[in-house]
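The following exercises concern helix packing, helix length and strand order. Please study the structure before reading each solution.

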Amino acid sequence: KNDDDAGTTAKEEASVDSKTFKGPITTRFPPEPNGYLHLGHAKAVSFNFAVARAFSAGGGRCHMRLDDTNPSKESEEYVNSILEDVRWIQRGLDGFDDDNEQKMGENAGPWYGNVRKTSDYFELIYDAAVMLIKRGEAYVDELTAEEMREYRGTLTEGGKESPWRDRSVEDNLKLFEEMRNGAYPEGKYVLRAKISMSSPNLNLRDPVIYRIKHESHQATGDAWCIYPMYDFSHPIADAVEGITHSLCTLEFEDHRPLYDWVAERCLEAGLVEGQPRQIEFSRLNLKYTVLSKRKLIKLVEDKHVTGWDDPRMPTLSGVRRRGIPPAAIRLFCERMGISKSDSNIDFTIMEDCAREVLDDESPRAFAILDPLKITIQNWDDSQLEDFAVTRHPKRNDLGDRTVPFGKTVYIERSDFFDLEGPEGSANGGKAPKGFKRLLPDGKVRLKYAYVIQCNEVLRDPSTNEPSEIVCTYFPETRAGVTPEGEARVAGIIQWVEASTAQKCTVMQYDRLFKTEEPGKETGDFIDDINPDSLKVLHSVVIEPSVASNALDLLKSIEESSTAVNEESEKIYHSSLTYQFERSGYYALDSSSTDKNLVFNRIVTLRDTWAP
Ligand code: ATP
Ligand code: MG
Ligand code: MG
């Protein structure tokens with residue numbers, strides 16, 4: 001905490017009176033189901049839960065609440081995706097159900113079980129509006145939207161009172177009831193709180209608290225045709241749930257006086273039992289991407305990406321499909337911390353968190369992205385030799401895998417340095433100093449197997465590119481052995497045996513935008529889209545153990561989708577991750593079929609053991 005924070009907290013503390021909730025610390029995560037959740041929401045989930053967990057000994061809890069007050073922008077698809085994403089974020093933690101005995105141990109998740117909705121409280125919120133009318137603190141207005149904007153005034157100029165401001169309580173009650181009963185078209189009337197048209201805070205200049213909308217609501221159907229505004233419904237929903245700390249982003253700081261105004265009156269009228277407090281924290285902004293539902297919706301609708309779960313999207317469904325594990329997202333939120341100052345975070349911090357978690361979780365495997373064929377002259381044609389090798393150098397519990405070796409293997413084209421390539425080209429002329437991999441007259445070790453030596457380079461006659469390298473192997477160098485008196489071969493590379501190799505597709509992603517703050521210079525964030533954010537590799541080969549694990553997973557996903565058991569957790573393709581050695585971390589993509597496996601590159605490795 002810096003001094004500023006301490007100052008604000010002290011001020012907030014001073015404004016709290018004896019009416020605030022004295023119950024257990026209770027927070028809530030209240031997304032509006034008008035889009036998919038993104039990494040900014042993950043920060044809010046993580047913060048709300050961290051507070052609840054910090055006070056878990058005293059019964060601290062966090063509610064999952066859908067803030068569903070605007071039917072025109074909301075849908076069941078969004079509701080379902082939000083719940084799925086919040087569940088996924090807490091994977092691997094113990095959940096807790098706030099209605100049952102709480103299981104908030106060290107590793108408890110933010111929420112499990114009960115889903116609350118602001119629409120559950122529509123009747124109460126309506127009663128609160130009636131209460132305000134009866135107190136002479138709300139009125140039905142019939143200014144047009146444009147007039148209302150005009151009357152509102154500006155920061156430097158006071159507002160003007162509506163001619164309908166002094167309607168009688170009886171008339172207001174009657175009109176408001178008729179609004180509810182569907183007697184009027186949209187826009188004809190609104191209900192406004194009567195606070196002050198001269199307040200320096202624009203939010204207090206008689207804010208609209210209810211409007212007419214003849215639209216079906218995803219949860220309440222056609223039960224209502226008037227809907228409360230966020231500033232009115234939010235404090236009431238918080239109060240009725242006994243929320244002690246209503247944590248929200250900084251842009252709501254100016255709304256806090258209105259929040260308190262509503263909450264105080266509901267308490268006085270006995271509609272609720274205590275008063276919640278609103279406390280602000282800074283939003284997460286990420287460089288080279290956008291975190292705003294409006295912009296994300298545009299990317300999806302105008303097909304700049306393949307969908308909400310496009311692995312380049314900063315949505316939770318996007319990063320999940322890409323293969324970033326939930327633990328990495330939690331680690332990221334923890335690292336960023338919470339403050340009141342705006343930050344613009346580099347996505348590389350997220351990538352570092354992903355590497356850290358994946359390094360521990362992901363088995364190692366061999367994949368060759370750009371294969372070059374190696375033929376081993378002195379190997380018996382028909383024979384394969386199986387090597388049992390570890391899946392993970394630091395995790396014995398993950399066991400071994402079998403890697404077959406044989407007469408033909410693939411290596412990475414970039415692991416052979418073609419001295420006869422065109423001068424000055426990436427792979428031609430003189431080998432760079434320190435190049436330890438295969439040279440036309442050199443040796444290299446195929447990891448876990450043998451040292452091989454290059455004897456001859458066969459070329460594609462049309463391009464002159466190497467098409468096959470003819471080698472010999474040295475039986476006495478098996479599995480890491482260097483025969484006595486011989487120099488150790490420094491270069492060690494990955495490989496995949498050809499007859500057992502499985503072809504697959506690899507998707508490599510780059511940033512979705514070319515600039516740190518998309519749209520800042522150009523005015524339109526769409527203009528800053530990076531046209532090269534996706535590279536598709538079609539001739540990748542993977543070792544057979546990866547293919548068989550992937551096929552097993554596809555099968556269990558298929559089986560679980562037809563199973564009736566709703567208790568079990570959803571299986572995601574991206575739960576299958578690997579470190580393809582010397583390349584990066586990869587996850588199985590959801591477009592995979594048993595005919596074509598597709599892998600997403602999650603992040604590259606920090607190149608530790610090249611060259
Ligand atoms: P957007 O601006 O993307 O439309 P929103 O704030 O309208 O997002 P809500 O569904 O209302 O989205 O958000 C639910 C919760 O998540 C709120 O408490 C909000 O403050 C928080 N939240 C949303 N975006 C961020 C962000 N970038 N960083 C931190 N918290 C966020
Ligand atoms: Mg919002
Ligand atoms: Mg919004």
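An axis is a line fitted to C-alpha atoms, for helices over the stretch in contact, and angles between N-to-C directions run from 0 to 180 degrees. The model used here is predicted.

**Exercise 1.** Determine how helix 2 and helix 11 are oriented to each other.

*Solution.*
1. Helix 2 covers residues 39-54 and helix 11 covers residues 326-336; their axes lie 9 Å apart, at an angle of about 75 degrees.
2. Angles of 65 to 115 degrees count as roughly perpendicular.
3. The two helices, helix 2 and helix 11, are therefore roughly perpendicular to each other.
4. At the contact, helix 2 contributes A42, K43 and S46, which meet I329, R330, C333 and M336 of helix 11.
5. Sorted by class, this contact of helix 2 with helix 11 holds 4 nonpolar, 2 charged and 1 polar residues.

**Exercise 2.** Compare the expected span of helix 12 with the distance between its end C-alpha atoms.

*Solution.*
1. The expected span is 1.5 Å times one less than the number of residues.
2. Helix 12 (residues 347-361) has 15 residues, so it should span 21 Å.
3. The end C-alpha atoms of helix 12 are 21 Å apart, which agrees.
4. Within helix 12, the buried residues include M350, C353 and L358.
5. The buried residues of helix 12 pack against helix 11 and strands 25, 26 and 27.

**Exercise 3.** Identify the edge strands of the open sheet of 7 strands.

*Solution.*
1. The strand order is 21-18-19-20-14-17-22, with mixed pairing.
2. Strand 21 (492-493) and strand 22 (496-497) each pair on one side only, and are the edge strands.
3. Inside this order, strand 14 and strand 20 run parallel, joined by 4 bridges.
4. I376 stands opposite C471 in strand 20.

Technical notes. Residues numbered from 1 in each chain as written. Chains lettered and ligands numbered in written order. Predicted model: local features only at pLDDT ≥ 70, side-chain atom pairs only at ≥ 80, totals over all residues. Pairing = 2+ DSSP bridges. Parallel < 35°, antiparallel > 145°, perpendicular 65-115°, else oblique. Contact = placed C-beta atoms within 7 Å. Nonpolar A, V, L, I, M, F, W, Y, C, P; charged D, E, K, R; others polar. Buried ≥ 20, exposed ≤ 12 C-beta atoms within 10 Å, placed from the backbone.
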